[in-house]
Amino acid sequence: MLSVNHLSVRRGNQWVIRDLSFRLEGIRRLFLQGEIGTGKSTLLQALLGFIPAQQGEIRLFGALCQTEKDFRPFRGRVGFCFQNPDDQLFGPTVLDDVAFGPLNQGLSKPEAYAVARRQLEKLGMDYLKDRSVNVLSGGEKNFVALAGVLAMRPEMLLLDEPTNGLDSKNIEKLTALLRDLNLPMLIASHDSAFTEQLADSVLWLQKPENG
Amino acid sequence: MKPAIFQPHFRLIFTFVLGLSVSAIQNPQWLLSLLCLTASALLVVLIRQGKPLAFYLRRALIFNLFTLLIWLTLSWKISENGLEWHVAGMHTALLITLRMNLILCTIWLWLINMTDSILVQAVSKLPLPDKLIHLFILTVRYISLLGELNRQMAQAMKARGFQPKFNRRTFSVIAQRVALLLIQAMVQVEKSEMALKARGFRFASRSSLLDKPWWKTVEISTALLLIIGIYYAQR
Amino acid sequence: MHISEGILHSQTLIIGATAAVIGVSVGLRKTDYERLPLTALFAAAFFVAGTIHVPVGIGSVHLILNGMAGLFLGWAVFPAFLIALLLQVIFFSFGGFAVLGVNLCVMALPAVLVHLLLGRYLQQSLSRARLILLGASAGVIGVGGAALLASLILAFDGGKAYYDLIRLLIVTHIPVFFIDGIISAGVLLTLNKMSPALLRTTP
């Protein structure tokens with residue numbers, strides 16, 4: 001499903017990830033943990049080719065991915081949720097935003113919007129569909145962003161701090177949602193309770209030596 | 001179900017055409033009757049929708065301060081006898097005042113309740129190039145984000161006792177504020193690109209009218225025709 | 001610098017709209033899909049910056065910064081300002097739709113001029129004095145050019161009758177003229193100090 005071998009990623013002139021190897025197979029939830037600055041976000045972003053890796057190899061569904069061209073077909077198949085939902089909401093309305101992914105996947109406008117509608121209904125968020133993304137509350141933004149990713153029917157999820165900015169009620173809601181999804185997931189989270197609820201295994205990252 | 005004519009994108013086109021037509025009307029009586037008609041319709045709609053009339057009235061008054069200025073500049077003429085009334089000028093001023101108010105009422109009437117999201121949706125339904133529509137959607141979204149940043153900066157400055165005045169310090173602070181907006185914009189670009197890529201957005205050129213090799217010729221010829229047209233219209 | 005709808009005759013409005021369509025077409029053609037996020041973000045930044053007031057005497061004046069927008073956006077100022085003007089009509093009932101073309105040309109053509117004349121200088125490393133000169137020139141050409149264009153359009157449309165109106169327009173924009181120049185210079189200096197890489201992103 002996902003395999004990483006001797007991966008090293010540099011940001012600026014600092015190594016953020018050094019010689020990392022792991023695999024994600026089957027329907028399992030692997031949690032990334034580590035202190036701030038240990039490269040959790042960097043790792044997630046490198047896994048879909050948003051930032052380049054200097055060494056090592058990344059295989060998505062068995063295919064070796066190195067260039068932008070290699071990664072492109074997997075975006076959507078591998079859903080990605082950024083730390084800050086504001087970074088990935090485009091709008092203008094919630095429905096438009098959720099339909100954005102499916103549209104890019106080649107669905108016609110009516111089909112894409114139907115998919116978006118169903119996705120919002122599934123998450124119990126249909127009442128938000130005509131709301132402007134600019135006026136959503138923090139928690140609503142998180143869930144709309146997730147809906148936008150789920151509408152692309154991903155086979156695997158990469159989530160960067162999904163509980164950021166959520167109150168306990170919403171964290172419960174998110175936990176139940178993710179559990180029901182039954183998808184392989186790689187989740188970066190510093191929330192220990194959340195991790196305990198969902199994790200099948202934990203990958204602990206440490207700051208690499210630089211110098 | 002609302003009739004199609006009230007769809008936002010039709011309302012945009014309609015307002016454009018109306019503006020064009022009104023600007024062609026030279027008869028003050030027609031303008032006055034149209035103005036009364038539109039203003040009454042506007043009043044009815046405002047009342048039915050429970051909008052604050054005082055707000056619109058105030059706006060209309062401020063708007064007409066400008067028309068007042070136009071009256072002042074066009075009505076007088078300096079001739080051999082000194083300052084005197086310029087009848088033709090007054091006629092023009094009347095036409096302009098009526099037109100401006102008519103158009104204001106028209107815009108208020110047809111575009112009532114239009115928000116930025118509805119505007120963006122309306123624009124995306126018009127037969128415009130994809131690039132423009134994407135640019136529109138993104139820009140409106142980022143105006144919201146950067147606007148929020150701008151508000152926070154203004155509040156933070158106020159909290160530290162900063163009061164804008166006409167002095168060097170204010171200019172320096174404002175320049176810094178604008179620079180920070182641009183820097184934040186720059187920072188957001190990388191995140192935005194990643195987020196777009198994550199949703200499968202293709203950054204490649206798609207086949208569109210704009211990319212056809214002969215389109216550039218169309219642009220240049222139209223521009224030339226325009227220039228020639230303007231030159232002849234002036235003579 | 002917005003000419004209100006209702007002043008100009010239909011012919012002028014149509015000429016303005018046609019010129020604007022050409023400008024937007026060129027602007028879109030010259031903007032790759034890759035540059036879309038950057039263009040949108042700068043367009044948004046300049047829109048928000050345009051809402052900042054500077055107190056002048058008893059009133060206040062909005063920033064325009066079209067010259068500087070020209071530096072950073074190039075021909076893309078046409079689609080960028082089109083969006084800004086559309087939003088202004090919706091939110092502030094400012095201007096109108098038929099006059100959009102004319103107003104867009106008034107704002108964007110001087111901005112493109114700034115891009116053509118001064119754009120390349122940002123790619124070089126400039127001294128403080130040169131940056132100030134660059135910023136001030138961008139401000140002056142931007143606002144001055146817009147005032148000049150607006151005046152020419154009014155003169156073309158209404159002839160001698162509008163001369164007083166034109167004088168009024170120019171006089172009321174003199175403070176903006178200076179302020180835009182000063183602020184533009186200040187922004188370039190600040191950017192050079194805080195984030196010189198930004199200055200190199202110009203088209």
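How many salt bridges are counted between chain C and chain B? The count is one salt bridge (a side-chain nitrogen of Lys or Arg within 4 Å of a carboxyl oxygen of Asp or Glu).

1. Basis. This is a predicted model; local features need pLDDT of at least 70, side-chain atom pairs count only at pLDDT 80 or more, and totals for chains, interfaces and linings use all residues. Residues are numbered from 1 along each chain as its sequence is written, chains are lettered from A and ligands numbered from 1 in the order in which they are written, and side-chain values use heavy atoms, with hydrogens and water left out.

2. The salt bridge. Arg29(C) pairs with Glu219(B). Their closest N and O atoms are 2.7 Å apart.

3. Interface extent. In chain C, 76 residues are in contact (heavy atoms within 4.5 Å) with 81 residues of chain B. The two chains bury about 6,800 Å² between them (accessible area, 1.4 Å probe, lost on being put together, summed over both). Carbon and sulfur atoms carry 80% of that area. On the chain C side, Arg29(C), Tyr33(C) and Leu41(C) lose the most area to chain B, together 12% of what that side buries.

4. Second largest pocket. A pocket here is an open set of points on a 1 Å grid over the protein atoms alone, where a 1.4 Å probe fits, with protein on both sides within 12 Å along at least five of seven lines; lining residues have an atom within 4 Å of a point. About 830 Å³ of space lies in this pocket (the space filled by probe spheres set on the points). Its lining has 27 residues. Nearest the centre are Leu126(B), Leu128(B), Leu132(B), Val21(C) and Leu82(C).
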